[in-house]
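This report introduces a structure to a reader who has not met it before. Please keep the sequence and the 3D view at hand while reading.

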Amino acid sequence: MNPLSDNALMMKVKNGDLDRLGLLFERYNRQLFGFLFHMTGQRELSEDLVQNVFYRILKYKHTFRGDGEFKTWMYHMARNVVNDNGRSIKRTIRHQELTEMSENIGGGFAADETVQKKQELATLRNAMANLSEESREILVLSKFQELKYNEIAQILDITEGAVKVRVHRAVSQLKTSYLQIAN
């Protein structure tokens, strides 16, 4: 038995079978959390925003036409939720606490590698935070969420060529920012 496609599930939700929204939640809540976490940098907020996105999906189910992919429509909702919440939220960067670092020190070479990897991740997070929201969003969608350029183009309502240009520019900006922070 073939599982229902995302669009078929959403059409059932649109037609009143609200239990099917649970299946969509199971399929996408982690992926959506990852996107929201990369955009906000806050775990608890991102968990709340996932709930807000699915609430909006339920609230605006009548707007889903089914001619595009559900995932694209869902990311439109997620972007709107981030934008609505972003007006009142400042992006925070999570820095490693000294106690966390001290736990990893003292074990020799393996501990040194762990500390170095954590430092590199912290530098990457800081470099991502230095990007504009537009650049950060395009990198999260393309590199972290691994969406195809045509999917990103639909989400952002731009051409696929524009997506390629924006990704290239964002990667270049990230590299510059990372190297400035690292040095």
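The model shown here is predicted. A convenient place to start is E146, which follows helix 7 and has a positive phi, near 55°. Helix 7 itself spans residues 133-144, and its buried residues are S135, R136, E137, I138, L139, V140, L141 and S142.

**Helix 7 and helix 8**

How do the axes of helix 7 and helix 8 run relative to each other? The two axes come within 10 Å and cross at roughly 140°, helix 8 being formed by residues 149-156. Since angles over 145 degrees would count as roughly antiparallel, helix 7 and helix 8 are therefore oblique to each other. The crossing in which helix 7 passes helix 8 is right-handed. On the side of helix 7, E137, I138, L141 and S142 make the contact, while helix 8 contributes Y149, I152, I155 and L156.

**A threonine in helix 4**

I155 also appears in the surroundings of T72, which touches E151, Q154 and I155 when residues up to four places away in sequence are left out. T72 has its place in helix 4, which covers residues 70-86, and with a relative accessibility of 6% T72 counts as buried, because buried means under 20%.

**Aromatic rings**

A search of the whole structure finds 7 aromatic pairs, and two of them are set side by side below.

| Pair | Centre to centre | Angle between planes | Kind |
|---|---|---|---|
| Y28 and F70 | 5.7 Å | 55° | tilted |
| F33 and F37 | 5.9 Å | 20° | stacked |

The pair of Y28 and F70 joins helix 2 (residues 20-40), where Y28 lies, to helix 4, where F70 lies, so it ties together parts that are 42 residues apart in sequence. Both Y28 and F70 are buried, and together with F64 and W73 they form one aromatic cluster.

The pair of F33 and F37, by contrast, has its two residues in helix 2, where they are 4 residues apart and thus separated by about one helical turn. An α-helix has 3.6 residues a turn, so residues three or four places apart point the same way.

Is F37 buried or partly exposed? Its relative accessibility is 22%, so F37 counts as partly exposed, because the range for buried residues ends at 20%. The ring of F37 has a further partner in R43, whose charged end sits over that ring, 5.3 Å from its centre.

Notes:
Residues numbered from 1 in each chain as written. Predicted model: local features only at pLDDT ≥ 70, side-chain atom pairs only at ≥ 80, totals over all residues. Heavy atoms only, no water. Buried < 20%, exposed > 50% of the residue type's maximum accessible area, 1.4 Å probe, protein only. Contact = heavy atoms within 4.5 Å. Phe/Tyr/Trp six-rings, centres within 6.5 Å; stacked < 30°, edge-to-face > 60°. Lys NZ or Arg CZ within 6 Å of the ring centre and 35° of its normal. Axes fitted to C-alpha atoms, helices over the stretch in contact; angles between N-to-C directions. Parallel < 35°, antiparallel > 145°, perpendicular 65-115°, else oblique. Left-handed = near helix turned anticlockwise from the far one by under 90°.
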